[in-house]
Structures are given as structure tokens and as C-alpha cells.
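User: Please take a close look at the salt bridges here. I should like a connected account that also covers their surroundings.

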Amino acid sequence: MGTRLRITVLGRLAVTRGTLTAEPSAPKERKLLALLLLGHEHPVPVRQMVDELWGSRPPRTVRTALQTHVLNLRGMLARQLRIPGDRVRKELIVTGNEGYQFRVDDADFDLHEYHRLAKIGESELRAGHHLGAAETLRTAESLWTGPILPDTKHGLPLQCEITRLELQRDMVQELRIESDLALGRHRELLSELTALTLARPFDERVHAYLMTALYRSGRTIQALQVFQRLRTKMAEEMGLEPSRVIQDLQRRILGATAFESIP
């Protein structure tokens, strides 16, 4: 196909070839491209594409309508990337027995690179190589340049794919924070962890990270206050107590404080 394609979905949705960029402007074509790219490992079934584009109210001639949108998407890629239409049909958006698939084998794809780095970083962390893990995972995080399709209403299939990726993004961030804590970067994490606890008010893991970072930074009272705020919020809004894990952390901090000399 000549110049190698570059595909981005972790923020901006675009397919580029050299200085040329293809970005669908029609909402249905944008959703279709996103669904094909997020599910690129296998053909996306026709039923899933129909659910995304029309939900529970598909048109009477739904297969013809879907074929038209696929044709429009192929045509847009061919025109804007200056690739022959038959090559787009045979090498990019291909028709399978079950649906359609966007082949990314010969492209630089940010989602591929993200998964690759996340896997390497997790392996480095589990092996105790915290410096390498922190650097690798931070590089993976940097590939996210914004939310996926923030200006397009998602159907259930696309929303499921986006939610799955967002959960993985949270996991990668948490693994990188673990690495940074192991490297003694407690003070550097305080601002980030404080913002995370505000954004995820019931996430015990990020609260535990913040408590740990505060305690190791010599701010024991603030660390205990983080636990108390979490406990109060969970009791008032959910009728629950924090888990044993974070309660044990609070007790360890209290126990350490009891043995500290008081000036």
C-alpha cells in the first residue's frame, strides 16, 4: 500500500498516510470506524454493527443500509488517503463470513502499541524492575490523548468497548503508581493521587495509595483523614464499611504513629 498507515483511537479518531488524514465527519461512519478499529482482532458481526448504528429500531432494509455506510466509509478512506478503492476493499475493510474487519497488520496503531507496552510494564513490575516498569507504563499512558469519540453518542456495543479500554487504562495507571511508590516517589504522587480520589470517591485502591504516599511523606494525620473521609462517604451513601485491606492499612499507620516520639 506504499506509505505505512498510522491509526489512532486513544483520543483522536483518525487514519493517516504520510501527510494525508482521513476522519469521518458523518456520525454513523465515525461510529462504524471506531467499532471496527476497537474490535479489529476479529470480524465485527453484522448484528453488532446494526445494534451500534440503530439500536432497537433498525430500518426495514437494514442490510442494504449497513452496506451503504460501509461503502461510504471505504470511499472516504480511498479519497482522503489517495488509495485505490479496490485496495481499501481487499486490504483494509474486508468482508468476512460474519461481518467486516479492519486489518491493521501493516499499520502503526496506537492501540496495539498501548497493549504491548502495558503487557511489558506489568511483567517488569511483577519481576521487581520498578524503574523500567514506571517508564514503560508512563509511556503507555501518554498514548491516551483524550476520550474516545467524545462528540458522538455511543450505542451499547461501542460503549462496552470504550468502557473496557477505560478500565484497562485505570489498571495501567495503578500499576505505574505502584512502581512509583516502590521507587520512593511519594511526594511526586501526592497531587495526582489527590485528584484521583476526588474523581473516584469509592475506589479503595487509590485511597490506599494516597494514604501510603502521605504517610511516607511524613503527613500521618492527613493519611488518616483520607481513610476517615472514605469511611464516612461509604457509610452515608452506600451503607458499607471499607474493606479489610484498607482498614488494615489504617491500623498499621496508627500503630506506627503510636511508637513515634512526640516532641
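Analyst: A salt bridge is taken here as a side-chain nitrogen of Lys or Arg within 4 Å of a carboxyl oxygen of Asp or Glu. By this rule the count comes to 22 salt bridges. The model is predicted, so local features need pLDDT of at least 70 and side-chain atom pairs count only at pLDDT 80 or more, whereas totals for chains, interfaces and linings use all residues. Residues are numbered from 1 along each chain as its sequence is written, and side-chain values use heavy atoms, with hydrogens and water left out.

Two terms recur below. Helices are DSSP runs of H or I with at least four residues, numbered from the N terminus. Buried means under 20% relative accessible area, exposed means over 50%, and partly exposed lies in between, with a 1.4 Å probe and protein chains only.

A pair within one helix serves as a starting point. Arg-116 and Glu-113 meet in a salt bridge with an N to O distance of 2.8 Å. Both residues belong to helix α5 (residues 110-126) and are three residues apart, about one turn of the helix. Arg-116 is partly exposed, at a relative accessible area of 44%, and Glu-113 is likewise partly exposed, at 30%.

A further pair bridges two helices. The side chains of Asp-180 and Arg-138 form a salt bridge of 2.6 Å, N to O. Asp-180 lies in helix α7 and Arg-138 in helix α6 (residues 130-142), so this pair ties together parts that are 42 residues apart in sequence. Asp-180 counts as buried, at 2% relative accessibility, while Arg-138 is partly exposed, with a relative accessible area of 36%.

Helix α7 (residues 156-182) also holds Glu-174. Arg-205 forms a salt bridge with Glu-174, in which the closest N and O atoms are 3.3 Å apart. This pair links distant parts of the chain, for Arg-205 is in helix α9 and Glu-174 in helix α7, 31 residues apart. Arg-205 is partly exposed, with a relative accessible area of 44%; Glu-174, at 12%, counts as buried. Salt bridges that share partners join Arg-126, Asp-170, Glu-174, Glu-178, Arg-200, Asp-203 and Arg-205 into one network.

The C-alpha atoms of Glu-174 and Arg-205 are separated by 8.3 Å. Contact means heavy atoms within 4.5 Å. With neighbours within four places in sequence left aside, Glu-174 is in contact with Arg-200, Asp-203, Arg-205, Val-206 and Tyr-209. A polar contact is a pair of N or O atoms within 3.5 Å; within protein, one must be able to donate a hydrogen and the other to accept it, and residues adjacent in sequence count only if both atoms are side-chain atoms. One such contact, of 2.5 Å, joins the side chains of Glu-174 and Arg-200.

Tyr-209 leads from this charged region to the nonpolar interior. A nonpolar core is a set of buried Ala, Val, Leu, Ile, Met, Phe, Trp, Tyr and Cys residues joined through side-chain atoms within 4.5 Å. In soluble globular proteins, nonpolar side chains tend to be buried together. The largest core has 54 residues, and those with the most contacts inside it are Leu-36, Leu-37, Met-49, Leu-66, Leu-77 and Phe-102. Helix α3 (residues 62-81) gives the most to this core, with eight residues. Apart from it lies another core, of 21 residues, among them Leu-189, Leu-196, Tyr-209 and Ala-213. Tyr-209 is therefore both a member of this other core and a contact of the buried Glu-174.

Ala-213 of that core has a polar partner as well: its backbone oxygen lies 2.7 Å from a polar atom of the side chain of Ser-217. Ser-217 lies in the loop between α9 (204-216) and α10 and counts as buried, at 11% relative accessibility. Beyond its neighbours within four places in sequence, Ser-217 is in contact with His-186, Arg-187 and Leu-190.

Lys-31, in helix α1 (residues 27-38), is a charged residue elsewhere in the chain. Lys-31 is buried, with a relative accessible area of 11%. Neighbours within four places in sequence aside, the contacts of Lys-31 are Glu-52, Leu-53, Leu-149, Thr-152, Lys-153, Gly-155 and Leu-158.
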